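Subject: Structure for your files

Hello,

Here is the structure I said I would pass on. My notes on it follow below the model.

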Amino acid sequence: MSCRAVLLLGLLFATVAVHYTWILLRLLLGKNAEKDDLEAMASVVSAFCIYTAFLAFNGMTEAFCTGVVVALDMKMVSQMGLVHGLMSLLFALVVAPIFIRIMDNGSGESVGAVIGLIYANAFCMALRGWIAIWFAARYFPKQENRSGDVSITTKMLELLHDMSPHGMVWLAFGVSYQVTKYSLQQFQSNSIGNKWWYKDAVVHVGVGISCVLGIATISILFERSFWKRLYDMFRESKTTTKRQKQE
């Protein structure tokens, strides 16, 4: 349950928060910030917001695989360690140089290189997530004596479906991304050279809050069982902690 909650939080950063980095930095740096520097820094922070979703996906899948599969099949500990080592080599020698080259477009600009490095990390996080699901898909058919009845690919899709939010929630995230992106474009076009830019910022922030509330509403409507189990788990954890303190 908590794994899916982490994924939802990551998607929130990647689809909504990604379009509010400019305002955040503008408030932190003040009116004396150079426009080019502000846009460059906002691009880097936005890339980190997108990276957060991939980090959440990797964390969700590896937490599931480590907590459920590896704990019951110790042979997979060494196998996953080997795979993670190979992934580190792949990142350092292949993925990072390629993404850095693509994002800086051969210009040698440091901002493009930093963004390329962030996206390279995101790619590796996604790949590690799929590898964790693959390990889990190898394990469960053996435990269920279904090795001849179901393929690894089918089992991977089943596990991914169980971990993922409802389709309507995915749609809500997609719509929110487009809406907040359009709102950001309107805000930036109206705020250039405008000393009252913060008035437009209030409207832009209001759009973001509305999108977050919309996502939350749709998630609660279509995933009531998930939120109920999450609430029960939180309440049980709180009760256990309170009991331990009393003892």
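In helix 2, the buried residues include Thr21, Trp22, Ile23, Leu25 and Arg26. Just after this helix, Gly30 has a positive phi of about 85°. Please keep in mind that this is a predicted model.

Trp22 and Ile23 are also among the residues with the most contacts inside the largest nonpolar core, along with Phe57, Ile133, Phe173 and Phe187. That core has 31 residues. At least two of its residues come from each of helices 1, 2, 3, 5, 6, 7, 8 and 9. A separate core of seven residues includes Ala47, Tyr51, Ile115 and Met125. Setting aside neighbours within four places in sequence, Trp22 is in contact with Leu38, Glu39, Ala42, Phe187, Gln188, Ser191 and Trp197.

The structure holds five salt bridges. One of them pairs Arg4 with Glu223, at 3.1 Å from N to O. Arg4 is in helix 1 and Glu223 in the loop between helix 8 and helix 9, so the bridge links parts of the chain 219 residues apart. Both Arg4 and Glu223 are buried.

Ser164 touches these two residues and Trp170, not counting residues up to four places away in sequence. Ser164 lies in the loop between helix 6 and helix 7 and counts as buried because its relative accessibility is 14%. Its side chain reaches the backbone oxygen of Leu160 at 2.6 Å.

A second salt bridge joins Glu62 and Arg128, with the closest N and O atoms 2.9 Å apart. Glu62 lies in helix 3 and Arg128 in helix 5, so this pair ties together parts that are 66 residues apart in sequence. Glu62 is buried, with a relative accessible area of 13%.

In helix 6, Glu158 bridges to Lys155, the closest N and O atoms being 3.4 Å apart. The two are three residues apart, and so are separated by about one helical turn. Lys155 counts as buried at 7% relative accessibility, whereas Glu158 is partly exposed at 30%. Elsewhere, Lys228, Asp232 and Arg235 are joined into one network by salt bridges that share partners.

On the surface, Leu82, Leu86, Leu89, Leu93, Val94, Ile98, Ile102 and Met103 make a nonpolar patch of about 780 Å². Of these, Ile102 is in helix 4 (residues 75-104) and counts as exposed, since its relative accessibility is 55%.

Regards

Technical notes. Residues are numbered from 1 along each chain as its sequence is written. This is a predicted model: local features need pLDDT of at least 70, side-chain atom pairs count only at pLDDT 80 or more; totals for chains, interfaces and linings use all residues. Side-chain values use heavy atoms; hydrogens and water are left out. A nonpolar core is a set of buried Ala, Val, Leu, Ile, Met, Phe, Trp, Tyr and Cys residues joined through side-chain atoms within 4.5 Å. Buried means under 20% relative accessible area, exposed over 50%, partly exposed in between (1.4 Å probe, protein chains only). Helices (H or I, at least four residues) and strands (E, at least two) are DSSP runs, numbered from the N terminus. Contact means heavy atoms within 4.5 Å. A polar contact is a pair of N or O atoms within 3.5 Å; within protein, one must be able to donate a hydrogen and the other to accept it, and residues adjacent in sequence count only if both atoms are side-chain atoms. Patches are made of residues with over 30% relative accessible area and no salt bridge: like charges are joined within 9 Å, nonpolar side chains (Val, Leu, Ile, Met, Phe, Trp, Tyr) within 5 Å. Accessible areas come from the Shrake-Rupley method with a 1.4 Å probe; for residues, only the protein chains shown count as cover. A salt bridge is a side-chain nitrogen of Lys or Arg within 4 Å of a carboxyl oxygen of Asp or Glu.
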